[in-house]
Every structure is written in structure tokens, then in C-alpha cells.
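Q: I would like to learn how to read a structure such as this one, going from the overall form down to single residues. Could we work through it together?

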Amino acid sequence: EQYQVMANEIRKGVAFADALRVAAFRLPDYFSPLVEAGELTGNMAGSLRQGVNQFEYDLKMNEEFRSALIYPAVLVASGIGAVLLIFVFVVPKFAPLVSRSDDLPLLSKVVLSGGMFFNDHFWWVVAGLVMIAFLCSYAASNNRFRSGLMQLGFRLPVIGTWLNEADTASWTSLMATLLSSRVDLLRSMELARQGMRSTRRRIELDHVLNEVKAGQGLADSLEKANALTPTGYNLIRSGERTGRLPAMMKSVADLYTEAARKRMTRMLTLIEPLAILIIGGVIGVIILGVILAITSINGLVA
């Protein structure tokens, strides 16, 4: 149906890029600039091939990310199951201690009272968890929420660095493709900017574009905006001076792509031990609360 809509739009004389938007295919943001570049230069096949290559790379990275999260997800699910079992079968055995003694440690009171509340309102708790899961699923399918969550991710210390590197890799790759297709620099910057996911980075690139329009060099403008690394500035500056800007931009894209891949690998490597520590810590706190309650009662009896 979407292909038919697109074909109808093209028969009306609508540009290929506009017809692609009307058909509402679920494509990455960078596809539209590449298609526009293909129309401007007559190299539609090459532009689409570049878009497909980038899309395949993104899918590969997403698949690797999801695969790496399977084991931590199993750990978290197992940990939650263990905590629920403790609250359902273990804590109720010691819950009467709360009413029998006023000298229980605070941790024991919190753990035992929590267990009593959980058992007394079991179905309400389950309903609340189901509702939270439903709301999370609905929010994940909402474009505005996902966009807001993405912008928050860009501000986080470790995740933000990785997202910024991936976003910069996408921008420089698009710039290299557009410039290689003989799209002029200003138009390339306008088109490549549309593929950026970070709102802050888009604003930075707007300033860079204005600087370039005013006669500044691209490398100097990027350096003024603190948009890349020193190596990136040097490569782009070299490309401007030698007339090999597309090739140098591709080199910058390769550097950022590799850096983003390595950072993602390190992040995923840290997720597993963090999940073990968190789940183990929660279970340990619950068990410690129960043990403190037992030793406290034994002390009172003695």
C-alpha cells in the first residue's frame, strides 16, 4: 500500500523525496537528506546505496545491543523473582516479630513491614506492576516520549558520550556522502543537520552553518563550537586545504564510528556485573534485615 501511495505521488509529478515522506515509510532520519542529494546530483542509486549501507550498520549495532542485553535481562528477572519469593514465603514467617518487639533494628522493621504489606495487598501490588509495565510499553511507542528520553540520554555522563559519538559519526558520514555527490558545502550542512538526533547538536550545527556562511572555514567553525575532537578538526582542515574534504570527512566518520562501537562494547560489558551487584545487594539487604530481626529477638530472650 505504501509503495502504491508513493507511485501515485510520483505520477503526479511530486519529487521522489517528497513522495517518500508522503508514503510514511519507517526509515531513519538520514534517508531523506540522502534522497534529496540524489535528486540534486542525479546520483539517486548511489545515494540510496549509501542510505541502505548506513541502515544495515544501524540494524547490526541495534541487534548486537539487544543480544548483549539478554543475559543482564535474565539476571534482573531472576533477581526480581528471588525477591518476590523471599517476600511471599520467607518474610511472612518472621513478620509477627514486628508486633512483638519494639527494639528491632530499623532495617528489620522496614523489611518485615514491607513483606507484610506485600502479602496483605498482593493483588494490588501485582496490578500496580502490570499497570507500570503497560505505561512503560505505551511510553516506549510514543515518539514524543522517546525523543525526550533520547535528549535526556544525551545529557548523561557515559551514555551521553556514546550517543554523541554515534550522532557525530552519522553526521560526518552524511557529510562525506553529500560532498562526494557534489552537493555544495552549505546545502550539505543543511541536509546532514536533519539527520542529527540531538537537539543541542543541531543548534551547534546551526551556529556552525552561520559561521561558514559568513566566510569562516568549516574546521574553524566546528572548533569554535567544540563540535569534534582535535583530530577531527585537523583532518577537516587538511581536507579544506587540499581539496579532499569528502575523503577527510569520511575518515572522521570512520574514527567516530569506531569510537562509538568501542564505547558501546565497554558499556555492555559493565551492565552484567552491575546487574549482579544490584540484585545481590537488594537480596542481601532483605536477608540482613531478617537476620538482624532474629538475632535481636534471641538477644531479648537471652
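**From the whole chain to single residues**

A: Let us begin with the overall dimensions: a compact globule of 302 residues would have a radius of gyration near 19 Å, whereas the protein chain, in this predicted model, has 28 Å. Taken along the principal axes, the box that the C-alpha atoms fill is roughly 90 × 50 × 30 Å.

Q: Which secondary structure elements make up the protein chain, and how many of them are there?

A: The protein chain has 14 helices and zero strands, and from the N terminus on the order of elements is therefore written as α-α-α-α-α-α-α-α-α-α-α-α-α-α.

Q: What share of the residues is buried, and what do the contacts say about separation along the sequence?

A: Of the 302 residues, 34% count as buried, a label that applies under 20% relative accessible area. Among the contacts with a separation of 6 or more, 57% are accounted for by residues 24 or more positions apart. The accessible surface comes to about 17700 Å², and carbon and sulfur atoms hold 63% of that area.

Q: How should I read the pattern of buried residues in a single helix?

A: The general idea is that an α-helix has 3.6 residues a turn, so residues three or four places apart point the same way. In helix α2, which spans residues 16-23, the buried residues are Ala 17, Ala 19, Leu 20 and Ala 23. Seen down the axis of α2, these buried residues fall within an arc of 160°, so they line one face of the helix.

Q: What covers the buried residues of α2, and which residue follows the helix?

A: The cover includes α1 (2-11) and α3 (31-41), and the residue that follows α2 is Ala 24, with a positive phi near 60°.

Q: Is Ser 47 buried or exposed, and which residues is it in contact with?

A: Ser 47, which lies in helix α4 (residues 44-94), counts as buried because its relative accessibility is 2%, where the cut-off is under 20%. Neighbours within four places in sequence aside, Ser 47 is in contact with Leu 34, Ala 37, Gly 38 and Ser 181.

Q: What can be said of Phe 94, which is also placed in helix α4?

A: Phe 94 is partly exposed, with a relative accessible area of 24%. Phe 94 and Ala 293 are 199 residues apart along the chain, yet their C-alpha atoms are separated by 8.0 Å. Leaving aside neighbours within four places in sequence, the contacts of Phe 94 are with Leu 112, Val 290 and Ile 294.

Conventions
Residues numbered from 1 in each chain as written. Predicted model: local features only at pLDDT ≥ 70, side-chain atom pairs only at ≥ 80, totals over all residues. Heavy atoms only, no water. Helix = DSSP H or I, 4+ residues; strand = E, 2+ residues; numbered from the N terminus. Rg over C-alpha atoms; globule rule 2.2 N^0.38 Å. Buried < 20%, exposed > 50% of the residue type's maximum accessible area, 1.4 Å probe, protein only. Contact = heavy atoms within 4.5 Å. Areas by Shrake-Rupley, 256 points an atom, 1.4 Å probe, with all protein chains shown as cover. Arc of directions from axis to C-beta.
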